[in-house]
Structures are given as C-alpha cells and as structure tokens.
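Colleague: Before we go through this model, could you take me through the surroundings of a few residues, with the reasoning behind each answer?

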Amino acid sequence: MTTSTPESAAKNAGETASAPASAATKPASAKAAASIWRWRVVDIVVASVLGVAAGLIFLAWNVGYLGPKALLEPLLPGLQGLLDGPWLFAGVLGGLIIRKAGAAIYVELLAAVVSALIGNQWGGFLTLEAGLVQGLGAELIFLLFFYRRWSLPVAILAGAGAALAGGINNLILWYAGSGTEFTVIYLISTVVSGAVIAGALSWVLARGIAATGALDRFGSGREARVRV
C-alpha cells in the first residue's frame, strides 16, 4: 500500500493544473499561425495603399536615378547597384506593416504595376517581372522566420534578400555577358543598397507610421503602443 505525502500531493496538483494550461496554449498558437495566412479587408486596403504610394515613388526614382547613375558608372562599373534600394523598399515595408504571408510580394508587385501602367523606360512586362522577383526575395526572408520576427536585423535581411534576387535578375536581363569584376561589384552594391534603404529605412518608416496610431489594427501598431 502506498501513502501520499504532502510533497507528492502538491506535485500532482501542480501537474494537473499545468496540463490544461499547456493544452490551452496549443489552440492559441495554432490560431496565430493560421492568422498569418488569413487576410482581412483592412489588410488588403492598407497593402493596396502602400503599393500605390510606393509605385509613385518608383516613378519619381525612374527619372531621379539617372543623374547619380551617370556619376557612378564611370567611377566604377557596377557601382550603380547602390541606386537600386528605392525600387526595393515596397515589399519590405509591406511585410513589416501587414505581417501576413504574401504581403511583401503583393505590395512590391502592385508598386511595379503602377510604375508599368503609367509608363517607364523598361517596358511593362519586365517591370512586373522585376517586381515579382524582388518581392519574392523579401518574402522568403520573412518566411524563413515564420512570419514571427519583425526586428531591424530581419528587415535588413529582407532588404538584402530583395536586392540579391533583383540583382541576379538584372544581371540576367540587362547585364548579360558581364565580366566577373562587374558582377561582383554590382551584386555587393545592390545588396548594400537593399539592406540600408529597403531594409533599415523601411523598418524606421514602419515604426514611425505605427507611432502615429494609423496602424492600431495591426500587430505593428500594437507593438508601438506597448513601447510607448
């Protein structure tokens, strides 16, 4: 015959109490995981606004980059990759704000659509293709962290991912046959630009927008309130 001591009774009581608690966390985590894939109407609206606004910035940079490009190309061929960042930020910013699977691709692609519809020097189809590739580069980084990390390092990696994908795409389409030196300089330059402009600056911009209260219906906005 066994007897129950106060210590064993307390242990059993603790185990019994912890079992429902651990069981309760499983549905909560499953619900959070499912919400990553479920877009709300407000997600679509805000992502669309971001995409259109970014597309207008793309249009301005389509012309604005020509001056700096003329200075950088003779200085060191491939260094013009430093100018790619402003075409890469839309996907990173969309991902940081919306925090849903596919947000980076959606916002970057929509920005490319706006740029293509109004017109640019690269043609409609290639503009859309570039937007898709660049958005995918950022999206894969967010996916790598299971859409749960939205810190500055993750944003920098997402910007670099968009730049690397876009840079390889550009080398294939626009710089075919380039030598090793140009390829290395261009890829390094575009990744640096993507990390700083599309990554770090998008993270700062997302925090700034959230601090205004405009994103209170998003996780990024709720985090800003907690910080305050």
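Modeller: Helices here are DSSP runs of H or I with at least four residues, numbered from the N terminus. Please keep in mind that this is a predicted model.

Colleague: Between which helices does K100 lie?

Modeller: With the helices numbered in that way, the two segments that flank K100 span residues 89-98 and 103-118. The loop that holds K100 therefore runs between helix 4 and helix 5.

Colleague: Is K100 buried or exposed, and what is its relative accessible area?

Modeller: A residue counts as buried when its relative accessible area is under 20%. K100 meets that cut-off and is therefore buried, with a relative accessible area of 11%.

Colleague: Which residue has its backbone oxygen 3.1 Å from a polar atom of the side chain of K100?

Modeller: Leaving aside neighbours within four places in sequence, K100 is in contact with S35, I36, R38, W39, D43, E139 and Y147. The backbone oxygen that lies 3.1 Å from a polar atom of the K100 side chain belongs to R38.

Colleague: Y147 is among those contacts of K100; what is the phi of Y147 near?

Modeller: Y147 is placed in the loop between helix 6 and helix 7, and at 9% relative accessibility it counts as buried. Most residues other than glycine have a negative phi. Y147 is a residue other than glycine with a positive value, and its phi is near 55 degrees.

Colleague: Which residue just after helix 4 takes a positive phi?

Modeller: The residue in question lies in the loop between helix 4 and helix 5, and at 16% relative accessibility it counts as buried. Its phi is about 60 degrees although it is not a glycine, and the residue is R99.

Colleague: How many of the residues of helix 4 are buried?

Modeller: The buried residues of helix 4 include F89, V92, L96 and I98. Helix 4 is largely enclosed by the rest of the structure, because the number of its residues that are buried is 10 of the 10.

Colleague: V92 is in contact with A158; what is the relative accessibility of A158?

Modeller: A158 is found in helix 7, residues 152-173. Leaving aside neighbours within four places in sequence, A158 is in contact with V92, A138, I141 and F142. A158 counts as buried, and its relative accessibility is 0%.

Colleague: How far apart in space are A158 and E139, C-alpha to C-alpha?

Modeller: In sequence, A158 and E139 are 19 residues apart. In space, their C-alpha to C-alpha distance is 7.3 Å.

Colleague: How many aromatic pairs are there, and how many residues apart in sequence are the parts tied together by the pair of Y65 and W122?

Modeller: The count comes to 11 aromatic pairs. Y65 and W122 form one that is tilted, at 6.0 Å centre to centre with 40 degrees between the planes. Y65 lies in the loop between helix 2 and helix 3 and W122 in the loop between helix 5 and helix 6, so the parts that the pair ties together are 57 residues apart in sequence.

Colleague: Which residues make the nonpolar surface patch of about 390 Å²?

Modeller: One member of the patch is placed in the loop between helix 3 and helix 4, and this residue is partly exposed, with a relative accessible area of 34%. That residue is L82, and the patch is made by L82, V184, I188, V192 and V196.

Technical notes:
Residues are numbered from 1 along each chain as its sequence is written. This is a predicted model: local features need pLDDT of at least 70, side-chain atom pairs count only at pLDDT 80 or more; totals for chains, interfaces and linings use all residues. Side-chain values use heavy atoms; hydrogens and water are left out. Buried means under 20% relative accessible area, exposed over 50%, partly exposed in between (1.4 Å probe, protein chains only). A polar contact is a pair of N or O atoms within 3.5 Å; within protein, one must be able to donate a hydrogen and the other to accept it, and residues adjacent in sequence count only if both atoms are side-chain atoms. Contact means heavy atoms within 4.5 Å. Patches are made of residues with over 30% relative accessible area and no salt bridge: like charges are joined within 9 Å, nonpolar side chains (Val, Leu, Ile, Met, Phe, Trp, Tyr) within 5 Å. Accessible areas come from the Shrake-Rupley method with a 1.4 Å probe; for residues, only the protein chains shown count as cover. A salt bridge is a side-chain nitrogen of Lys or Arg within 4 Å of a carboxyl oxygen of Asp or Glu. Rings of Phe, Tyr and Trp (its six-membered ring) pair if their centres lie within 6.5 Å; planes under 30 degrees apart count as stacked, over 60 as edge-to-face and the rest as tilted.
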